[in-house]
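Visitor: I would like a close look at a single part of this structure, the place where two helices pack against each other. Please take that part slowly, and then connect it to the rest of the chain.

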Amino acid sequence: MGIAFLVFLALFAIFGPSAGGGITETKWGAFEFPSSRHLLGTDQLGRDVLARVAYGARVSLAVGITVQLLALVVGVIFGTIGAFGPKWLSVTVMRFTDGMFAFPDILLAILIIGLFSNSSHGGGALGGFIISGFLPVVVALSITAWPSFARLTNTTAASLKDREFVVAAKALGAPSAYVIVRHVLPQMWGILLAVSMVELAGTILAEATLSFLGIGILPPYPSWGSMINLARDDMVSHPLWLLWPCLILSLTIFALNFVGDGLRAILDPRRK
């Protein structure tokens, strides 16, 4: 069920934003009830809620997947250095990783986004990319996400470095880089994939939190968090407007956690 929902969510994010006239069309009445023309109704400006929820799904998936890929690459590099590097380097890298856990994730993300806001006055495509909020959110959440992958990679790699197939490869003269790529990393991809699914849920929730606070994805681009924030003012008189982004966000978090737990049970060799 979790996989089926995620497939639906991906298709919804691709095709849904064009429904009902798109995310910015305002020629319809405010707070229309769901109908054949607007399946989820309209918001306070007459914009189609279905299209905006779908665009929020596109934003959440784009931010989440990008952050996880960046965090995975950095985390795997730091984690393997911590396990196979010389002692002075491995100790330095892992103590730096431990230090990153001292900063609260959301507060650190807010600080990083605040630094980006000072650069948003630049022109060109990069300036627009920063103004939209996508780039600052991705950078901020990537910086807060990689330490957990580094620690997981380091712990797993350390348990594998003394296994027979690794010792045999070293005895045959294989360099450390070859041993890591050929023998160690293939043993870890399963657990890393499973953890990435769970971490993706946390990233999507963090992006929604930042947008809810008004410092994430910025208008006119909709995000689930910003939609929830806007709907608070009318949640008594128009509760459906608040229901839809809350519901899709909750279902997404549930689905990612269920799929992540299932993958961990299947792919983690320690559970076999």
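Guide: In this predicted model, helix H2, residues 49-84, and helix H6 have axes that come within 5 Å and cross at roughly 35°. A pair of packed helices is described by two values, the angle between the axes and the distance between them. The crossing of H2 and H6 also has a hand: H2 passes H6 in a right-handed crossing. Sorted by class, the residues in the contact of H2 with H6 are 21 nonpolar and nine polar, with no charged residues.

Charged residues do appear elsewhere on H6. Helix H6 spans residues 134-160 and holds Arg151, which is paired with Asp98 in helix H3, 53 residues apart, so this pair links distant parts of the chain. The pair is a salt bridge, and the closest N and O atoms of Asp98 and Arg151 are 2.8 Å apart. Arg151 has a relative accessibility of 38% and therefore counts as partly exposed, since that class lies between the limits of 20% and 50%.

Asp98 has a second partner. A salt bridge also joins Asp98 to Arg95, with 2.7 Å between the closest N and O atoms. Here both residues sit in helix H3, which covers residues 87-100; because Asp98 and Arg95 are three residues apart in that helix, about one helical turn separates them. Asp98 is partly exposed at 27% relative accessibility, and Arg95 is partly exposed as well, with a relative accessible area of 49%.

The structure holds two salt bridges. Asp98 forms one with Arg151 and one with Arg95. Through shared partners, Arg95, Asp98 and Arg151 are joined into one network.

Now the wider setting. The protein chain has ten helices and zero strands. Read from the N terminus, its elements run α-α-α-α-α-α-α-α-α-α. The protein chain has 272 residues, of which 46% count as buried.

Start at the beginning of the chain. Met1 lies in the segment before H1 and is exposed, its relative accessible area being 92%. The C-alpha atom of Met1 is 8.9 Å from that of Phe258, although the two residues are 257 apart along the chain.

Next comes helix H1, residues 2-15, where Leu11 has its place. Leu11 counts as partly exposed, at 45% relative accessibility. Together with Ile3, Val7, Ile14 and Phe15, Leu11 makes a nonpolar surface patch of about 530 Å².

Between H1 and H2 there is a loop, and Leu40 is found in it. Leu40 has a relative accessible area of 18% and is therefore buried, as the cut-off for buried is under 20%. Leu40 and Leu240 are 200 residues apart along the chain, yet 8.2 Å separates their C-alpha atoms.

Helix H10, residues 239-267, contains Ile253. Ile253 is buried, with a relative accessible area of 19%. The C-alpha atoms of Ile253 and Ile204 are separated by 7.9 Å, and these two residues are 49 apart along the chain.

To return to the part you asked about: H2 and H6 cross at roughly 35°, and their contact has no charged residues. Arg151, in helix H6, pairs with Asp98 in helix H3, and Asp98 is also bridged to Arg95.

Definitions and conventions:
Residues numbered from 1 in each chain as written. Predicted model: local features only at pLDDT ≥ 70, side-chain atom pairs only at ≥ 80, totals over all residues. Heavy atoms only, no water. Salt bridge = Lys/Arg side-chain N within 4 Å of Asp/Glu carboxyl O. Helix = DSSP H or I, 4+ residues; strand = E, 2+ residues; numbered from the N terminus. Buried < 20%, exposed > 50% of the residue type's maximum accessible area, 1.4 Å probe, protein only. Patch = residues over 30% accessible without salt bridge, like charges linked within 9 Å, V, L, I, M, F, W, Y side chains within 5 Å. Areas by Shrake-Rupley, 256 points an atom, 1.4 Å probe, with all protein chains shown as cover. Axes fitted to C-alpha atoms, helices over the stretch in contact; angles between N-to-C directions. Left-handed = near helix turned anticlockwise from the far one by under 90°. Nonpolar A, V, L, I, M, F, W, Y, C, P; charged D, E, K, R; others polar.
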